[in-house]
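Reader: I am a first-year student and I should be grateful for a close look at a single part of this model. Would you please take one helix, and then describe what else can be said about its surroundings?

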Amino acid sequence: MTTLIKLEIIRALRNKKFMFFSVIYPPALYLIIAGGADSKPIPGTGLDMGLYYMVSMAAFGAMTAVLLGNSERIAKEREQGWVRQLRLTALPGRGYVAAKIAAAATVSLPSILLVMIAAATVKGVRLEAWQWIAIAVGTWLGSFVFAALGVAIGYLASGDAVRPISMLCFFALAFLGGLWMPMTLLPQWVQNISEWLPTHAYAALGTAVEAGGAPHVKDMAILLGYLLLFVGGAAWLYRKDTRKA
């Protein structure tokens with residue numbers, strides 16, 4: 001499984017289009033959104049634009065890498081017969097799913113770090129050392145949830161359908177989860193839905209640390225619940241796809 005993880009990481013790093021949208025694009029988008037904004041607190045958050053969008057764009061970049069990248073690669077590998085070849089080896093099904101999740105989450109780390117570096121150097125964000133570490137680690141670990149969702153979508157959809165399905169899930173979760181704009185600026189019914197979405201809980205890990213506290217138990221529980229749901233769904237779809245082969 002270690003060999004497969006290394007192979008997946010190397011393949012992702014060689015994909016220039018993937019590297020642009022998952023690594024370069026998020027910090028660039030952060031600078032566009034927050035670069036010229038003032039330092040006034042966002043209503044209902046206690047955070048200014050630089051702080052709020054540092055966490056949301058780091059989460060956005062990680063999601064791009066693990067959700068969109070994973071789903072499209074798996075769908076293509078199924079069509080090309082690569083997954084069928086792997087089934088002839090000693091690698092168990094759970095090993096394949098775990099390798100995909102681990103490799104995708106590893107590649108997402110540069111995007112998270114680059115957004116944080118841009119926030120510190122360009123926007124002048126200043127936090128305690130423990131806060132920087134906690135935000136980076138929490139955002140990285142939280143990306144495993146969306147990596148598992150990417151695996152599930154990759155087995156759910158064919159090569160032609162996987163992109164629109166994954167993009168629909170991606171943009172809906174990003175918007176409703178408050179990654180593009182603070183939830184306090186949206187209607188109350190949207191905020192009520194957002195509270196139970198993984199993207200809202202994901203971004204809340206970092207914003208809680210920025211405010212000087214620890215991530216809320218509710219947010220961690222929501223993420224854990226979605227992780228179990230998506231991993232279980234990915235494993236079931238993998239077994240279903242195996243029976244078809």
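Author: The answer below begins with one helix and then turns to other parts of the chain.

The model is predicted, so local features need pLDDT of at least 70 and side-chain atom pairs count only at pLDDT 80 or more, while totals for chains, interfaces and linings use all residues. Residues are numbered from 1 along each chain as its sequence is written, and side-chain values use heavy atoms, with hydrogens and water left out.

Helix α7 covers residues 162–176; helices here are DSSP runs of H or I with at least four residues, numbered from the N terminus. The expected span of a helix is 1.5 Å times one less than its number of residues. For the 15 residues of α7 this gives 21 Å, which agrees with the 21 Å between its end C-alpha atoms.

Within α7, Val 162, Ser 166, Phe 170, Leu 173 and Ala 174 are buried. Buried means under 20% relative accessible area, exposed means over 50%, and partly exposed lies in between, with a 1.4 Å probe and protein chains only. These buried residues lie on the same side of α7, because they cover an arc of only 100° around the axis; the arc is that of the directions from the helix axis to the C-beta atoms. An α-helix has 3.6 residues a turn, so residues three or four places apart point the same way. The buried residues of α7 pack against α3 (49–80), α6 (129–156) and α9 (198–210), where contact means heavy atoms within 4.5 Å. Just after α7, Gly 178 has a positive phi of about 85°.

Elsewhere, the count of salt bridges comes to 1. A salt bridge is a side-chain nitrogen of Lys or Arg within 4 Å of a carboxyl oxygen of Asp or Glu. Its partners are Glu 195 and Lys 218, at 3.1 Å from N to O. Glu 195 lies in the loop between α8 (188–194) and α9, and Lys 218 in helix α10, so the pair ties together parts 23 residues apart in sequence. Glu 195 is partly exposed at a relative accessible area of 33%, and Lys 218 is partly exposed at 37%.

Helix α10 (residues 217–244) also holds Lys 240, which counts as partly exposed at 33% relative accessibility. The C-alpha atoms of Lys 240 and Leu 156 are separated by 9.8 Å, although these residues are 84 residues apart along the chain.

Note on methods:
Helix = DSSP H or I, 4+ residues; strand = E, 2+ residues; numbered from the N terminus.
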